[in-house]
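User: Got a minute to go through this model with me? I'd like to start with one of the helices.
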Amino acid sequence: MNLLLPILAVLIGFGISYFLHRKSTTINLLLAFSGSFLLSVTVLEFLPDIYNSGVSSIGVFILGGILLQIILEYLSGGAEHGHFHLSKEKKSFPFVLFISLSIHAFLEGIPLHGNAHLLYAVIVHKVPIAIIIASFLFNTNLSKLKIAVFLILFALMTPLGSFVQNNTSLLDEISIYLDAIVIGIFLHVSTTILFESSKDHKFNIYKFGIIVFGIVLALVL
Ligand SMILES: [Zn+2]
Ligand SMILES: [Zn+2]
C-alpha cells in the first residue's frame, strides 16, 4: 500500500492536469487543505513520536531538515509547495529541478512505514503538487519523452524511499535522524503553503474553512 498509493496520487495529479483545464482556485484550495492536513499530522503524531524516541539532539536534525528544504527550494524555485519559475523556452532536461524534487520526494517516503495518517497526508500533499508540476511541464517546449521520463521517475521517488527503508538495512542506523529531517521538511513545506495560500493576507472564508477542515480531520482520524 505505501508503495502504490504515492504513485497513484502522482498519476492522478498528472491525469487531472492532462485532461482537465487547470482551475487555479480549486488547486489553491486543494493546496491549502494539503498544507494544513500535513502540518496537523506532523505536529499531532509524527513530531511527538520522534521526541518520544528519546534520542538526544533530535531537534537539531529537525532544524537541519528546515534548512535542507530551504536549499532545495532555491534549486527548484518552490516546486515542492506549488511554485514554478522555469523558463518555458527550456528544451533541455531540467536536471536541477528534477534532482531537488527527487531528494525531497525520496526523503518523504522514508517515514511512511506503519504510519497510515502520515501516508494519507503525503498523498494529499502530492496530488496538487503533481498537478502543478505536470501542467507546467506540458506548457514548456520539452519533448514528450523528456516530460514522461521526468514524471515517471518523480512518481517513483517516494515509493523508492519507502522501499529502501522497509526492505534494506541501509538506513537502519540513521532512520531516526532521517525522520527528524523529514519533520523539518514537512514543517517548512506545509507552513509555506499556508503562508502563500493567503494572497496579500486578505481573508478568504473558503480558504480559512478548508484549513480548519484539514486540522479537524487530522484531529479526528
Ligand atoms: Zn513559493
Ligand atoms: Zn513533498
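Analyst: Sure. This is a predicted model. On H3, the face turned away from the buried side carries the exposed residues Val60, Leu63, Leu67 and Tyr74.

User: And which residues in H3 are buried?
Analyst: Ile58, Ile62, Gly65, Gln69, Leu72, Glu73 and Ser76. Seen down the helix axis, the buried residues fall within an arc of 100 degrees, so they line one face of H3.

User: What do the buried residues of H3 pack against?
Analyst: Helix H2 (24–52), H4 and helix H7 (175–197).

User: How many residues does H3 have?
Analyst: H3 has 19, residues 58–76. From first C-alpha to last, H3 reaches 27 Å, close to the 27 Å expected. Just after H3, Gly77 takes a positive phi of about 70 degrees.

User: Switching to the metal. What coordinates the zinc ion (ligand 2)?
Analyst: His104 (NE2), Glu108 (OE) and His125 (NE2), at 1.9 to 2.2 Å. Along the chain, the donors follow the spacing H-x3-E-x16-H. His104 lies in helix H4 (residues 95–109) and His125 in helix H5 (residues 116–138), so the pair ties together parts 21 residues apart in sequence.

User: Are His104 and His125 buried or exposed?
Analyst: Both His104 and His125 are buried. Glu108 is buried too, with a relative accessible area of 1%.

User: How many salt bridges does the structure hold?
Analyst: The structure holds 1. Lys126 pairs with Glu108, the closest N and O atoms being 3.1 Å apart. Lys126 is in H5 and Glu108 in H4, so this pair ties together parts 18 residues apart in sequence.

User: What is the relative accessibility of Lys126?
Analyst: 5%, so Lys126 counts as buried.

Definitions and conventions: Residues are numbered from 1 along each chain as its sequence is written. Chains are lettered from A and ligands numbered from 1 in the order in which they are written. This is a predicted model: local features need pLDDT of at least 70, side-chain atom pairs count only at pLDDT 80 or more; totals for chains, interfaces and linings use all residues. Side-chain values use heavy atoms; hydrogens and water are left out. Donors are N, O and S atoms within 2.8 Å of the metal (3.2 Å for Na, K and Ca); water is not among the atoms, so sites may look incomplete. Helices (H or I, at least four residues) and strands (E, at least two) are DSSP runs, numbered from the N terminus. Buried means under 20% relative accessible area, exposed over 50%, partly exposed in between (1.4 Å probe, protein chains only). A salt bridge is a side-chain nitrogen of Lys or Arg within 4 Å of a carboxyl oxygen of Asp or Glu. The expected span of a helix is 1.5 Å times one less than its number of residues. The arc is that of the directions from the helix axis to the C-beta atoms. Contact means heavy atoms within 4.5 Å.
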